[in-house]
Amino acid sequence: MVNRCAAAAVAAASAGALWHIGPAATWLPQVRERFAPGLDGRGSPGHIALTFDDGPDPDTTPRFLDALDRLGVRATFFVLGERLLDDRRLARGMLDAGHELGVHGWSHQKPWFPEPHREAADLARTADAISDLGAAPPTWYRPPYGILTAGRRRAAARARLRPVLWTAWGRDWRPAADRRSVLADLSRRLTGGATVLLHDSDYTSTPGSWRTTLDALPDLVSWCRAAGWRVGTLGDHGVGRTRTAVQETAVEEGRDLGTP
Ligand SMILES: [Zn+2]
């Protein structure tokens, strides 16, 4: 009997773990393209969405703001709530410069265990921290490491945030990354409508990796413009034609909120 109970408990725990972590398989581009095509942030064919994760960083983010200003480009920054509160003036300056702020999380955690209440609270307070700057409530959520668990998906829906990952990345966090490798990695999946993932901070990357990203930025923008693509924020990317997280959750729960 004890063994049967133990087996049932293990089975229930395994099912719970699968429910929690299974949806995170959308981290893989091939899985995302096949099963969750709306998640990669593909937008209008004539536009590239430029996005940066892991800031704001008082040492590095201002350098990106200067570079983007020189290039005449606005971008979407997925910020961490705890870092934003460290330098609200910097975050306010990002908005004033026309950039968009999205939610990356309160802190940069790996979600190996289900913590639905903490995750919901963390996303809500990060969204509030952005709104408290005087901005409109944020639209976008990109989970740390791109790991979108079932719990994170629900937390995003409750905070009325739309999860979005990326279609092209520069793998700029790696120790071996340099300007050429970042551009080469991006070029493999850079097509019209792409959402590009880079980092404006080395918070979770190789120390100093932000220099590589900054070096690659002018060439990336030149490439896009030579191809006839405008470069800008997710808000200008034309991603609005698929279901929002709120609507997807409603469908999962058997409710119908109507057309997007
Ligand atoms: Zn990150």
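Trainee: What makes up the protein in terms of helices and strands?
Mentor: It has 10 helices and eight strands, taken as DSSP runs numbered from the N terminus (H or I, at least four residues, for helices; E, at least two, for strands). This is a predicted model, where local features need pLDDT of at least 70 and side-chain atom pairs count only at pLDDT 80 or more, while totals for chains, interfaces and linings use all residues. Residues are numbered from 1 along each chain as its sequence is written, and side-chain values use heavy atoms, leaving out hydrogens and water.

Trainee: What makes Asp54, His104 and His108 donor residues of the zinc ion?
Mentor: Asp54 (OD), His104 (NE2) and His108 (NE2) coordinate the zinc ion at 2.1 to 2.2 Å. Donors are N, O and S atoms within 2.8 Å of the metal (3.2 Å for Na, K and Ca), so these atoms qualify. The donors are spaced D-x49-H-x3-H in sequence.

Trainee: Why does the pair Asp54 and His104 tie together parts of the protein?
Mentor: Asp54 sits in strand S1 (residues 47–55) and His104 in strand S3 (residues 100–105), so the pair links parts 50 residues apart in sequence.

Trainee: Are Asp54 and His104 buried or exposed?
Mentor: Both are buried, meaning under 20% relative accessible area (exposed is over 50%, partly exposed in between; 1.4 Å probe, protein chains only). Of the 260 residues in the protein, 49% count as buried.

Trainee: And which residues have the most contacts inside the largest nonpolar core?
Mentor: Leu50, Leu101, Leu217 and Leu220, in a core of 51 residues. Helix H9 (residues 209–226) gives this core its largest share, six residues. The name "nonpolar core" fits because the term covers buried Ala, Val, Leu, Ile, Met, Phe, Trp, Tyr and Cys residues joined through side-chain atoms within 4.5 Å.
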